[in-house]
Amino acid sequence: MHRLVQEHPTTSVKMVFLEDKNLDMRRYNAPTSCTEVTAIFVGDNGEPPANRDICVYPVGDTCQSISPLNQCCDPMTYPLLFPRGECSWNTGMEHVEDRTTAKRTRVTQLQYYAYRLSQRNGFSILHNSGKLFQKYFVDAYVKTEGSRLHFLRQNQKDLQIELYRGLLDALECRAHNENICTGKLIILPSSFQGSPRHVQQNYQDAMAMVRKFGKPNLFLTFTCNPSWSEILNSKEGVQRPEDRPDIIVRVFNKKLKELSEDICKHGIFGTVLAYIYVIEFQKRGLPHAHILLTLDSESKIRTKDDIDKFVSTELPDTCTDLRLFQIVTKCMVHGPCGTININSPCMRDGQCCKSFPKQFKDDTEENVNGYPIYRRRATEPVQVGKYSIDNRWVVPYNPWLLKKFNAHINVEVCASVKSVKYLYKYVYKGHDAASLKIQKEGALDHDEILSFVEGRYVSAPEAMWRLNEFNLSHKTHTVVRLAVHLPQQQPIVYQDGQEAQAIERAALRKTILTSWFELNKNDPSAHNISYSDIPQYYVFDKSTTNWKKQQRGGQNVIGRLPVVRILRYSFPKSL
């Protein structure tokens, strides 16, 4: 043991449990589903999961470590899923299709696991393995995402941008003030899907749509229903819905597309000007989508009658619509919580965080500070399970959508512009996480990859969704991010030792902003178009670094300017 310690010196680290009450409990809440397999990313000595050690003990030999990229890793980790000892994915695996037509000659890790995920004719050991099936694909996605993060960590030299220097200066200043040494500067770029920078960019894109079309009018939350007939009919034997997360995410993806068509194409709420949705996988075992709708002027929800036309918070009459009553009592009843059930997940310090039960109201009231106060007329309670409920416990819903999709679809009217930023930050709040942190002692690092990895919570439905490469978000308009910079202060991407070549390239290559200046010089038709509106009429050609006129029209294109901070200095009058 002493020899092993000498050969592999340890680094002093400490684990810090985050008890900040300001943490977003929608991300750091405890799991409410105990039937699904999940993974929590916890790095070891500052390294992402791609570098985890897998030890094997060959007969008659000492302990040996193998890489997660080894083709024997999966068969040895999951021998029940590889009964014949067949090899798993490896870096040299080639496409079976014709190499002359294939874009790639090698099979990627993601492609391999997507192939394994597909169900074919006959009995499948993999798809009938219950929780082992969940564990295998959660582990598969953890390895896939870990490999991407490992690549970004090992290629930080290719990510060096001049503007990141300010971040390093701030890190060095803080380290000097705290009398500790400066650690590493590791950047997780916005091109990595799900990273904080990526989420922030999407949020700013959504706010650009608000600037163009105004505040959203409706906020919908669509949650998967494991009792859908498509899911139940696809089960085999004694399988439960949570045993087949692959079917759950595929059916939910199809239902979401159908819901989008009903809203945007068929206009059940009216004409939609702008539309976004974001997929979430919270610790409840099921995927759900947050949807924001902006309607045109003729379809705006302005009056109490308009609100009552689209949104209801009352139990339907069993005599006139028994099916809707059954769906509402199954999918749209909150809790009950409070004194009736103090162990409900929504309880915070003895109070319901969703403010249930609501108050009875004979008429809908418009609320300028948030959502309307919906009509909830006093009625006789009904027995649902072991609880007696009334209209005070009903979550706002749309009767037509509820009867068609038979799922939890919360429909809220956005009554105030004050709720705009809250709504968009809500849908772009990021992935779920566990509230713990590991940091080195005696050094100050800025490691965005490690911050992303630490406490990363991956559920089986999210792993399946990501392996199928389904969209995590969608919006009706393409948002073009326009550059703003001072002369000769555009961002420069370079590698160590190639600064001179990068400067030479930057001097000859036009940016989006400088190319717009050239456009105004040479094209009189662009004189009356502002910089933020130019993407609606012109498209930027990256190969020639020139703006060219749109051939098909740019009605679904929006330009977005970044936030520019202007420093103001005051000088003595003598100057």
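I'll start in a loop: Ser355 lies in the loop between β11 and β12. This is a predicted model, and in it phi of Ser355 is near 60 degrees, a positive value in a residue other than glycine. The loop between β11, residues 351–352, and β12 also holds Pro357. A cis peptide bond joins Phe356 and Pro357, with omega at about 0 degrees.

There is another cis bond to check, from Gly335 to Pro336, with omega near -5 degrees. Pro336 sits in the loop between α11 and β10, residues 347–348.

Positive phi turns up again at Glu469, which is not a glycine either; the value is about 60 degrees. Glu469 belongs to the loop between α15, residues 460–467, and β18. Is Glu469 buried or exposed? Glu469 is exposed, with a relative accessible area of 56%.

Now the whole chain. The protein has 575 residues, and buried residues make up 44% of them. The count of elements is 17 helices and 23 strands. If you take contacts between residues at least 6 apart in sequence, 70% of them join residues at least 24 apart.

Next, the sheet I want to spend time on. Five strands form an open sheet, in the order β14-β7-β9-β8-β18, with antiparallel pairing. Which strands stand at the edges? They are β14, residues 409–413, and β18, residues 473–475; each has a single partner strand, so one side of each is left without a neighbour in the sheet. From one strand to the next, the twist averages 10 degrees.

On the β18 side, three bridges join β8 to β18, and the two run antiparallel. One pair to look at is Val278, whose bridge partner in β18 is Ser473. Two helices pack on this sheet. Helix α7 touches β8, β9 and β18, and its direction makes about 160 degrees with that of β8. Helix α9 touches β7, β8 and β9, and its direction makes about 165 degrees with that of β8.

Let me stay with β9, residues 288–295. How many of its residues are buried? Eight of its eight residues are buried. On one side these are His288, His290, Leu292 and Thr294, and on the other Ala289, Ile291, Leu293 and Leu295, so both faces are covered.

As for the partners of β9, strand β7, residues 218–223, pairs with it in the antiparallel sense over six bridges. Within that pairing, Leu218 has Leu293 as its bridge partner in β9. Strand β8, residues 272–280, is joined to β9 by eight bridges, also antiparallel. There, the bridge partner of Glu280 in β9 is His288.

Now the cores. The largest nonpolar core has 59 residues, and Phe137, Leu220 and Phe269 have the most contacts inside it. Helix α9, residues 245–264, gives the most to this core, with eight residues. What does Phe269 contact, leaving aside its neighbours within four places in sequence? Its contacts include Leu218, Leu220, Leu293 and Leu295, and also Ile263, Phe310 and Val411. Apart from that core lies another, of 22 residues, among them Met209, Tyr424, Val427 and Val479.

Tyr424 also appears in a helix pair. Helix α7, residues 196–213, and helix α13, residues 420–427, pack at an angle of about 145 degrees, with their axes 10 Å apart. The crossing is right-handed. Tyr203, Ala206, Met207 and Val210 in α7 meet Val420, Lys421, Tyr424 and Lys425 in α13. By class, the residues of this contact divide into six nonpolar, no polar and two charged. As a reminder on spacing, an α-helix has 3.6 residues a turn, so residues three or four places apart point the same way.

Leu423 is in α13 too. Leu423 is buried, with a relative accessible area of 0%. Beyond its neighbours within four places in sequence, Leu423 is in contact with Pro216, Phe219, Leu292, Tyr371 and Cys414. Pro216 is 207 residues away along the chain, and the C-alpha atoms of the two are separated by 9.0 Å.

Last, helix α11, residues 322–331. Its buried residues are Leu324, Phe325, Ile327, Val328, Thr329 and Cys331. Those residues pack against β12, residues 382–384, and α12, residues 399–405. That's what I have.

Notes. Residues are numbered from 1 along each chain as its sequence is written. This is a predicted model: local features need pLDDT of at least 70, side-chain atom pairs count only at pLDDT 80 or more; totals for chains, interfaces and linings use all residues. Side-chain values use heavy atoms; hydrogens and water are left out. Buried means under 20% relative accessible area, exposed over 50%, partly exposed in between (1.4 Å probe, protein chains only). Helices (H or I, at least four residues) and strands (E, at least two) are DSSP runs, numbered from the N terminus. Two strands pair if DSSP finds at least two bridges between them. A nonpolar core is a set of buried Ala, Val, Leu, Ile, Met, Phe, Trp, Tyr and Cys residues joined through side-chain atoms within 4.5 Å. Contact means heavy atoms within 4.5 Å. Axes are lines fitted to C-alpha atoms, for helices over the stretch in contact, and angles run from 0 to 180 degrees between N-to-C directions. A crossing is left-handed if the near helix is turned anticlockwise from the far one by less than a right angle, and right-handed if clockwise. Ala, Val, Leu, Ile, Met, Phe, Trp, Tyr, Cys and Pro count as nonpolar, Asp, Glu, Lys and Arg as charged, and the others, Gly among them, as polar.
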